[in-house]
Amino acid sequence: MQLTKRATAVDRRPMNALEKIYLWNILKGMAVTFKHMFKKRPTINYPEQKRPFSQVFRGLHVLNRDAEGRENCTACGLCAVACPAEAITMEAAERLPGEEHLYREEKYAAKYEINMLRCIFCGLCEEACPKDAIYLSQTFAPANYGRKGFIYKKEDLLIPHPINEPEAYKKALGEKAALKN
Ligand code: SF4
Ligand code: SF4
């Protein structure tokens, strides 16, 4: 029984002299290669060249600071509760007198981790956050050889200080966050 209409009968005729040296088939193969030399390349030279991201692209998480450089996160845990992949873990701590320039709220995340191997980049953590403390940027987690390299800690996620490192801060904000602000 024939399952598809793509089946072709096998040619079992003995090969002639030209076919025996495979010259004709080599020429046919080279013609295919030659034809593609004049076509527009569908590939790009990554990482030197990058394709533009969609406006709705959700990439690597960034923990936000306010304009004075204080951490926005108040360790309320709403992002962790909203996360369907249970990728977020955190530990809360009380802000001490004299730390007002570091943390915006009275409580802050002493530890904040996201497991990028579990994350499905759904953006629900960003939606759940009442403090505009987390957003998904337009970059992605770089490749790594070990599983541990995909557990992003607070220092990996925290945006650079807007006053001390203005250029790095602007770069980390990216287009998406710039539109939000
Ligand atoms: S993007 Fe989705 S899966 Fe990833 S940490 Fe946020 S809520 Fe969890
Ligand atoms: S990132 Fe937002 S939702 Fe998550 S703990 Fe911090 S303040 Fe709460």
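# Close-up views of the predicted model

**Figure 1. Y22 counts as exposed, because 12 C-beta neighbours lie inside 10 Å of its own.** The model shown here is predicted: local features need pLDDT of at least 70 and side-chain atom pairs count only at pLDDT 80 or more, while totals for chains, interfaces and linings use all residues. Residues are numbered from 1 along each chain as its sequence is written, with chains lettered from A and ligands numbered from 1 in the order in which they are written. By our cut-offs, a residue is exposed with 12 or fewer other C-beta atoms (placed from the backbone) within 10 Å, buried with 20 or more, and partly exposed in between. Look for Y22 in the loop between α1 (17-20) and α2. Its backbone deserves a second glance: phi is positive, about 60 degrees, although Y22 is not a glycine. Most residues other than glycine have a negative phi.

**Figure 2. Helix α2, residues 23-37, is hardly covered.** Helices (H or I, at least four residues) and strands (E, at least two) are DSSP runs numbered from the N terminus. How many of the 15 residues of α2 are buried? The count is 0. The end C-alpha atoms are 21 Å apart, and this agrees with the 21 Å expected for 15 residues at 1.5 Å a residue. That expected span is 1.5 Å times one less than the number of residues.

**Figure 3. The loop between α2 and β1 holds P47 and R41.** A cis peptide bond joins Y46 to P47, with omega at about 5 degrees. Most peptide bonds are trans. In the same view you will find R41, exposed because 8 other C-beta atoms lie within 10 Å. From R41 to E106 there are 65 residues along the chain, and their C-alpha atoms are separated by 55 Å. For the wider setting, the C-alpha trace of the protein spans about 95 × 40 × 30 Å along its principal axes.

**Figure 4. N64 sits in the loop between β1 and α3 (78-82).** Is N64 buried or exposed? It counts as buried, because 23 C-beta neighbours lie inside 10 Å. Its contacts (C-beta atoms placed from the backbone within 7 Å of each other) reach N72, D132, A133, I134, Y135 and I159, leaving out residues up to four places away in sequence. K35, in contrast, is 29 residues from N64 in sequence and 51 Å from it in space, C-alpha to C-alpha.

**Figure 5. The largest nonpolar core has 21 residues.** Such a core is a set of buried Ala, Val, Leu, Ile, Met, Phe, Trp, Tyr and Cys residues joined through C-beta atoms within 7 Å. L63, C73, C79, I88, C125 and I134 touch the most other members. Two or more residues each come from β1 (61-63), β3 (107-115) and β4 (134-136), and β3 gives the largest share, 4 residues. To trace one member, follow I88 to C79, A80, C83, I114 and C125, its contacts beyond four places in sequence. Across the protein, 17% of the 181 residues count as buried.

**Figure 6. Ligand 1 and ligand 2 are each surrounded by 14 residues.** A residue is included if its C-beta atom, placed from the backbone, lies within 6 Å of the ligand. Around ligand 1, C83, C119, C122, L124 and C125 come nearest. Around ligand 2, the nearest are C73, C76, C79, C129 and A133. The shell of ligand 1 has 13 nonpolar residues, 1 polar and no charged ones, while that of ligand 2 has 11 nonpolar, 2 polar and 1 charged. Here Ala, Val, Leu, Ile, Met, Phe, Trp, Tyr, Cys and Pro are nonpolar, Asp, Glu, Lys and Arg are charged, and the others, Gly among them, are polar.

**Figure 7. F121 lies in the loop between β3 and α4 (124-128).** Its phi is near 55 degrees, a positive value in a residue other than glycine. F121 counts as partly exposed, because 17 C-beta neighbours lie inside 10 Å.

**Figure 8. A172 belongs to helix α6 (residues 166-180).** With 19 C-beta neighbours inside 10 Å, A172 counts as partly exposed. Beyond four places in sequence, A172 is in contact with V62, I159 and P160. K153 is 19 residues from A172 in sequence and 16 Å away in space, C-alpha to C-alpha.

Conventions. Contact = placed C-beta atoms within 7 Å.
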